[in-house]
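Me: I would like a close look at a single part of this model, one strand, and at how it sits in the rest of the protein. Please take the strand first and then work outwards.

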Amino acid sequence: MANTPDQTIYVLNGPNLNLLGTREPETYGHARLADVEQLCEKTAAELGFTAHCRQSNHEGELVDLIHEAHARKAVGIVINAGAYSHTSIALHDALMAVRIPTVEVHISNIYARESFRHHTFTARAAFATLCGFGIDGYRLAITGLAARISADAKPRG
Ligand code: CA2
């Protein structure tokens, strides 16, 4: 079955990711959040999906966006919850509640950094996690998510 453009993937970015490209380029590179969102929109469109990109610095707003994804019948979520990945049971619970196939992305390799970044709550609610690919991780995440969604939509025989 062909994908239709109303098949929406939510791309959610968490706290401080609005600063991308303005500070700490050695860790996060030179691309800005607008570049990330453009990459996601292009990648999704090439695969027959629509990327709906949102960023928030507020945990509750991210919870609301996960609920919104469910209400709007989004078919997938790509999430980089930033530092909330390591702290937020609320985001974990929201992702578990909506049961939307989710991929977690981190721009940096969190396992090569401080130990407090090694555990993520949101990863437990995702079927896959990517880290360390820079912003290309978002393209890879959407590609893998699209493949999973298309495979799940195929009738088994
Ligand atoms: O590597 C990632 O994508 C992170 O999710 C980024 C978070 C960090 O807390 C996670 O451990 C790993 C931080 C995002 C902050 O982004 C900035 C970007 C530019 C300048 C300053 C912060």
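**Strand E1 and its surroundings**

Reply: In this predicted model, E1 is largely enclosed by the rest of the structure, because 6 of its 6 residues are buried. In a regular strand, side chains point alternately to one face of the sheet and to the other. Both faces of E1 are covered. Thr8, Tyr10 and Leu12 are buried on one side, and Ile9, Val11 and Asn13 are buried on the other.

E1 has strand partners in E2 and E3. With E2 the pairing is parallel and runs over 6 bridges; threonine 8 stands opposite threonine 50 of that strand. With E3, residues 76-80, the pairing is also parallel, over 5 bridges. Here tyrosine 10 has isoleucine 77 as its bridge partner.

E1 also contributes to the largest nonpolar core, which has 23 residues. Ile9 and Val11 are among the members that touch the most other members, together with Cys40, Phe49, Val78, Tyr138 and Ile142. At least two residues of this core come from each of E1 (8-13), H2 (33-46), E2 (50-55), E4 (102-106) and H5 (136-153). H5 gives the largest share, 6 residues. Apart from this core there is a second, separate one of 17 residues, with Ile66, Leu91, Ala94 and Ile100 among its members.

Valine 78 shows how E1 is connected to other parts of the protein. Leaving out residues up to four places away in sequence, valine 78 touches Ile9, Tyr10, Val11 and Leu12, and its contacts also include Val103 and Val105. Further contacts of valine 78 are Tyr138, Ala141, Ile142 and Leu145.

Further from E1, two other buried positions can be described. Alanine 126 lies in the loop between E4 and strand E5 (128-131). Its relative accessibility is 14%, so alanine 126 counts as buried. Its contacts, not counting residues up to four places away in sequence, are Thr102, Val103 and Glu104. The C-alpha atom of alanine 126 is 9.5 Å from that of arginine 99, and the two residues are 27 residues apart along the chain.

The other position is histidine 92 in helix H4, residues 89-98. At 17% relative accessibility, histidine 92 is counted as buried too. Setting aside neighbours within four places in sequence, histidine 92 is in contact with Phe121, Thr122, Arg124 and Ala125.

As for aromatic rings, a search of the whole structure gives 0 aromatic pairs. There is, however, a charged residue over a ring: arginine 148 lies over the face of phenylalanine 127, at 4.1 Å from the ring centre.

For the protein as a whole, the secondary structure consists of 5 helices and 5 strands, in the order β-α-α-β-α-β-α-β-β-α along the sequence. The radius of gyration is 15 Å, close to the 15 Å that the globule rule gives for 157 residues, so the protein is as compact as a globular protein of that length. Along the principal axes, its C-alpha atoms fill a box of roughly 45 × 30 × 25 Å. Of the 157 residues, 43% are buried. Among contacts with a separation of 6 or more, 75% are between residues 24 or more positions apart.

How values were computed: Residues numbered from 1 in each chain as written. Predicted model: local features only at pLDDT ≥ 70, side-chain atom pairs only at ≥ 80, totals over all residues. Heavy atoms only, no water. Core = buried A, V, L, I, M, F, W, Y, C linked by side-chain atoms within 4.5 Å. Buried < 20%, exposed > 50% of the residue type's maximum accessible area, 1.4 Å probe, protein only. Helix = DSSP H or I, 4+ residues; strand = E, 2+ residues; numbered from the N terminus. Contact = heavy atoms within 4.5 Å. Pairing = 2+ DSSP bridges. Phe/Tyr/Trp six-rings, centres within 6.5 Å; stacked < 30°, edge-to-face > 60°. Lys NZ or Arg CZ within 6 Å of the ring centre and 35° of its normal. Rg over C-alpha atoms; globule rule 2.2 N^0.38 Å.
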